[in-house]
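Colleague: I should like to learn how to read the features of a protein model. May we go through some of them together?

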Amino acid sequence: MFKISIITVTLNSELTLENTILSVINQKDVNIEYIIIDGNSSDDTLKIIEKYRDSIALIISERDDGIYDAMNKGIKYATGEFLLFLGSDDILANVNVISNVSKSIDDLNAVYYGDSYFFKRNILHSGIFCELKLFNINICHQSIFYPKSIYKKNIYNIKYKYLADYDYNLKIYKTTRFYYINMLITLFNDEGSCDKNIDKFFLKDKTKIILNIYGFNKTIIYIITRPIYLIIKKILTKIIKYL
């Protein structure tokens, strides 16, 4: 069975981290390497981590330059064939998730992804992605299993404080095989920092990124369809709100 490195980045996460840790260490019949990269927390985060030290392969606590700088550190130390980044306020959907995903993996150079449930907005972020769908919405980072081999070429661009994973997915999607696993992977806290904060640098560069990678014709299609997507998203958000 493949080893999967699960990396959790933390900073003052005392209110949510314990549930995250338990959702990882309670996984059944798996080969997991659990890594926690802490940004030098000032609350009780480190006390919670210490409580489960025997179940955590590596703990680093030091100042960093944001979420993706910490994630890049995790990549450096991870020894698993695949990596999953699980937020410090997110939890794995059930105790068999990693085991079931491992059984679906047969390509060490491909990306595997499943579904996430956004529990604050009561939305299932799911389904198969294509280029156009990815242009408009990112695959939830907490439901993606990346092969360690892919990070030999590129890591996360820390210029983008909240959406470097979106930038990364856009850059690798064209040349990497992405396989959808029809399975709920993560219960995602959509009130975390990446959802509450706007990444102005990424949004400014997004069209240019698409143009440089996918070419003029597909960029025009994205520009034309983007307003339609935003209208549909707005309508669906209102419907869900009143359900």
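Modeller: We shall take buried residues, cores, a pocket and backbone angles in turn, bearing in mind that this is a predicted model.

Colleague: Let us begin with burial. Is Ile185 buried or exposed?

Modeller: A residue counts as buried when its relative accessible area is under 20%. Ile185 has a value of 0%, and therefore it is buried. Ile185 belongs to strand E9, which covers residues 178-188. Setting aside residues up to four places away in sequence, Ile185 touches Ile91, Leu92, Ala93, Val97 and Val101, as well as Gly114, Asp115, Gln142, Ser143 and Phe145.

Colleague: Where is Thr20 found, and which polar atom lies 3.1 Å from its side chain?

Modeller: Thr20 is part of helix H1, residues 17-25. Its relative accessibility is 0%, so Thr20 also counts as buried. A polar atom of the Thr20 side chain lies 3.1 Å from the backbone oxygen of Ser88. Beyond its neighbours within four places in sequence, Thr20 is in contact with residues including Thr8, Tyr34, Ser88 and Ile91.

Colleague: Which residues touch the most other members of the largest nonpolar core?

Modeller: This core holds 36 residues, and those with the most contacts to other members are Phe85, Tyr146, Tyr151, Tyr156 and Leu170. Helix H6, residues 164-173, gives the most to this core, with six residues. Apart from it lies another core, of 25 residues, with Ile6, Val24, Ile56 and Leu84 among them. As for Tyr156, its contacts outside the four nearest places in sequence include Tyr68, Met71, Phe85, His141 and Tyr168.

Colleague: How does one look for a pocket, and what lines the second largest pocket?

Modeller: Rolling a probe the size of a water molecule over the atoms shows where empty space is left. In this model, the second largest pocket has a volume of about 230 Å³. Its lining includes Asn109, Ser149, Lys153, Ile172 and Arg177. The lining residues divide into two nonpolar, five polar and three charged.

Colleague: Finally, which value does phi take at Asp29, and which at Asn40?

Modeller: Most residues other than glycine have a negative phi. Asp29, however, has a positive phi near 55°, and Asn40, which is not a glycine, has a positive phi of about 70°. Asp29 lies in the loop between H1 and strand E2 (32-38), and Asn40 in the loop between E2 and helix H2 (45-51). With a relative accessibility of 63%, Asp29 counts as exposed, whereas Asn40, at 38%, counts as partly exposed.

Methods. Residues numbered from 1 in each chain as written. Predicted model: local features only at pLDDT ≥ 70, side-chain atom pairs only at ≥ 80, totals over all residues. Heavy atoms only, no water. Helix = DSSP H or I, 4+ residues; strand = E, 2+ residues; numbered from the N terminus. Buried < 20%, exposed > 50% of the residue type's maximum accessible area, 1.4 Å probe, protein only. Contact = heavy atoms within 4.5 Å. 1 Å grid on protein atoms, 1.4 Å probe; cavity = no way out; pocket = protein on both sides within 12 Å on 5 of 7 lines; lining within 4 Å. Points joined across faces, edges and corners; volume = space filled by probe spheres on them. Nonpolar A, V, L, I, M, F, W, Y, C, P; charged D, E, K, R; others polar. Core = buried A, V, L, I, M, F, W, Y, C linked by side-chain atoms within 4.5 Å. Polar contact = N/O pair within 3.5 Å; in protein donor to acceptor, adjacent residues only side chain to side chain.
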